[in-house]
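Trainee: I should be grateful for guidance on how to read a protein structure that is new to me. Where should a reader begin?

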Amino acid sequence: MKTTLKLFGVLILVLFQSCAVVDHAPKPTGSAMFYRLGTRGFALDIFVDGVKVGSFSSFARILIPNCGDENAFTVDNLTEGSHKYEARETGTPNPVILKGSVTVVVDQCTKELLVYDWWGG
C-alpha cells in the first residue's frame, strides 16, 4: 500500500510539472544600426554577440544616417539590453577589428558610429 501511495504521489508530481505554463510569446525587440564616416576603406563583417549578422562596405554621406539607410547596416530583432559587437575588416592582410557594445531599446533603433582608432590609444 505504501508503495502504491508513493507511486501515486510521484505520478501527481510529474503531472503538475508537465503542466507548467510556458510563455511562448515573442520577446519585445529593437534594432541596432552601425555606420561609419568617410569615403573609402575595406568591407566590414558585423558580429553581434559572437554571431555574424552580415556585411557592408558603404560609408555615410551625412553625419548620422537613418536606420535602414543603404549607407549603414541595421540589425533588427535584437532583444532589449546590451549586446557586444565586432566589426571586422575583410579583404586585407591586416584587418582592423572594431569592438564595443550597443544598448538596444524595445521598438527603437540605436545608432552606433564605428570609429577607427588610428593612433592605437
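Mentor: One begins with the order of the elements. Read along the sequence, this chain follows the pattern α-β-β-β-β-β-β-β, that is, 1 helix and 7 strands. Please keep in mind that the model is predicted.

Trainee: What share of the residues in the chain is buried?

Mentor: Of the 121 residues in the chain, 29% are buried. The accessible surface of the chain comes to about 8600 Å², and carbon and sulfur atoms account for 59% of that surface.

Trainee: How should I read the contacts between residues that are apart in sequence?

Mentor: One asks how far apart in sequence the touching residues stand. Among contacts between residues at least 6 apart, 58% join residues at least 24 apart.

Trainee: Which residues have the most contacts inside the largest nonpolar core?

Mentor: They are Phe 34, Leu 44, Ile 46 and Leu 114, in a core of 16 residues. At least two residues of this core come from each of β1, β2, β4 (73-79), β5 and β6.

Trainee: What does Leu 44 touch beyond its neighbours in sequence?

Mentor: Leaving aside residues up to four places away, Leu 44 touches Arg 36, Gly 54, Ser 55, Phe 56, Ala 87, Arg 88, Glu 89, Leu 114 and Tyr 116. One of these partners, Leu 114, is also among the core residues with the most contacts.

Trainee: Which residues make the nonpolar patch on the surface?

Mentor: Leu 37, Leu 63, Ile 64, Leu 113 and Val 115 make a patch of about 460 Å². Take Leu 37 as a case: it is found in the loop between β1 (29-35) and β2 (44-48). Leu 37 counts as partly exposed because its relative accessible area is 40%, which lies between the limits of 20% and 50%.

Trainee: How many salt bridges are there?

Mentor: The count comes to 3 salt bridges. In one of them, the side chains of Lys 52 and Asp 45 meet at 3.5 Å, N to O. To read such a pair, consider each partner in turn: Lys 52 is partly exposed at 47% relative accessibility, whereas Asp 45, at 15%, is buried.

Trainee: Which residues are joined into one network by salt bridges that share partners?

Mentor: Let us take the bridges one by one. Glu 86 and Arg 88 meet through their side chains at 2.8 Å, N to O. Lys 99 also forms a salt bridge with Glu 86, the closest N and O atoms being 4.0 Å apart. This second pair links distant parts of the chain, with Lys 99 in strand β6 (residues 97-104) and Glu 86 in strand β5 (residues 81-89), 13 residues apart. Through shared partners, Glu 86, Arg 88 and Lys 99 are thus joined into one network. Within it, Lys 99 is exposed, with a relative accessible area of 62%, while Arg 88 is partly exposed, at 32%.

Trainee: Where does Gly 100 lie, and what does it touch?

Mentor: Gly 100 lies in strand β6. Not counting residues up to four places away in sequence, Gly 100 touches His 83, Lys 84 and Tyr 85. At 26% relative accessibility, Gly 100 is partly exposed. The C-alpha atoms of Gly 100 and Leu 114 are separated by 9.0 Å, and these two residues are 14 apart along the chain.

Trainee: Which residues form the disulfide?

Mentor: In general, a disulfide is a covalent bond between the sulfur atoms of two cysteines. The structure holds 1 disulfide, formed by Cys 67 and Cys 109, whose sulfur atoms are 1.9 Å apart. Cys 67 is in the loop between β3 (51-56) and β4, and Cys 109 is in strand β7 (residues 109-113), so that the pair links distant parts of the chain, 42 residues apart. The torsion about the S-S bond is about -95°, so the disulfide is left-handed. Cys 67 is partly exposed at 29% relative accessibility, and Cys 109 is partly exposed at 27%.

Trainee: Is Asn 71 buried or exposed?

Mentor: Asn 71 counts as buried because its relative accessibility is 14%, and buried means under 20%. Its place is in the loop between β3 and β4. Beyond residues up to four places away in sequence, Asn 71 touches Tyr 35, Ser 58, Phe 59, Ala 60, Arg 61 and Pro 65.

Methods
Residues numbered from 1 in each chain as written. Predicted model: local features only at pLDDT ≥ 70, side-chain atom pairs only at ≥ 80, totals over all residues. Heavy atoms only, no water. Buried < 20%, exposed > 50% of the residue type's maximum accessible area, 1.4 Å probe, protein only. Helix = DSSP H or I, 4+ residues; strand = E, 2+ residues; numbered from the N terminus. Patch = residues over 30% accessible without salt bridge, like charges linked within 9 Å, V, L, I, M, F, W, Y side chains within 5 Å. Areas by Shrake-Rupley, 256 points an atom, 1.4 Å probe, with all protein chains shown as cover. Core = buried A, V, L, I, M, F, W, Y, C linked by side-chain atoms within 4.5 Å. Contact = heavy atoms within 4.5 Å. Disulfide = S-S within 2.5 Å.
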